[in-house]
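Colleague: Could you take me on a close look at one part of this model, the place where two helices pack and the aromatic rings beside it? I'd love one connected walk through it.

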Amino acid sequence: MLEQIKQWIEHRRGVKIGSHDPGNLPHAKTPGEQLLTDCRLIVLDLETTGLNAAKDEVIAIGAVAIRGGIIHLGDQFDLILRRPELDIRETVLIHGIGPEALTQGHEIEDALLYLLEWMNGDPILAYHSAFDQKFLEKTLKAQLGYTQPHTWMDVADLMPAFFPNTKTGGKGLDNWADYFGLEVSERHHAASDALATAELTLIALNKARTEGVKTLKGLHDKLHYHRRLQNMHRY
């Protein structure tokens, strides 16, 4: 993947920063009757300087694609952004990304443009997706002026939607990974967490197939119904 982005950046070299046309960037795909077996799904994870989207920033992006019920390791995204101006003293022990890595990272505009081209408007899944969505949308708007809404689905909802009575001991990524015997090689590393989330997604998609959920719209509707039930149970 690193070689691919090097080639892409080489192709872009000489293009003035900020000269891209947001209108020519890929358009987000709307959930419809696309078969899940045919869809390309993006499973994404971000590392940030903190938890507050209003003041904290994205420093690393990891993602992997699922297509045809398979995680394609040759179709993934794993980049640290060049952000030497950021103070990461409070979070470096969590994500392990230090000042040197941020100094040597990829230029933000190049990385984000490549990310958008790589995602190609495909639906995005993440664990506690509201967090990643807020940070990514904020960063894309600030850096590229890009405001197109993508389809996001939360794997933290996906798992209990298809495994409602499962006793995992908690609602976190680690709880579900432990329950299904998945190995997470390096927690709080964007690419590693994205891969673990993708493995959980595959488990849920296999269960969805046995329940007759075959389309992207069907999956989206299942999650919407699950969230409505959860909200009803709060009152």
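**Two helices and a ring cluster**

Modeller: Happy to! Helix α6 passes helix α8 in a left-handed crossing. Please keep in mind that this is a predicted model. The two helices, α6 at residues 155-162 and α8 at residues 190-210, pack at an angle of about 35°, with their axes 10 Å apart. From α6, the contact is made by Val155, Leu158, Met159 and Phe162. On the α8 side, Thr197, Leu200, Thr201, Ile203, Ala204, Lys207 and Ala208 take part. Sorted by class, that contact has eight nonpolar, two polar and one charged residues.

Let's follow Lys207 of α8 a little further. Lys207 also lies over the face of Phe163, at 5.5 Å from the ring centre. Phe163 itself counts as buried, at 15% relative accessibility.

Phe163 has an aromatic partner too: its ring and that of Trp176 have their centres 6.5 Å apart and their planes at 55°, so the pair is tilted. This pair links distant parts of the chain, with Phe163 in the loop between α6 and α7 (173-179) and Trp176 in helix α7, 13 residues apart. Trp176 is buried as well, with a relative accessible area of 4%. Ring pairs join Phe163 and Trp176 with Tyr179 and Phe180 in a cluster. In the whole structure there are seven aromatic pairs.

So the route runs from the contact of α6 with α8, by way of Lys207 over the face of Phe163, to the ring cluster that includes Trp176.

Conventions:
Residues numbered from 1 in each chain as written. Predicted model: local features only at pLDDT ≥ 70, side-chain atom pairs only at ≥ 80, totals over all residues. Heavy atoms only, no water. Axes fitted to C-alpha atoms, helices over the stretch in contact; angles between N-to-C directions. Helix = DSSP H or I, 4+ residues; strand = E, 2+ residues; numbered from the N terminus. Left-handed = near helix turned anticlockwise from the far one by under 90°. Contact = heavy atoms within 4.5 Å. Nonpolar A, V, L, I, M, F, W, Y, C, P; charged D, E, K, R; others polar. Phe/Tyr/Trp six-rings, centres within 6.5 Å; stacked < 30°, edge-to-face > 60°. Buried < 20%, exposed > 50% of the residue type's maximum accessible area, 1.4 Å probe, protein only. Lys NZ or Arg CZ within 6 Å of the ring centre and 35° of its normal.
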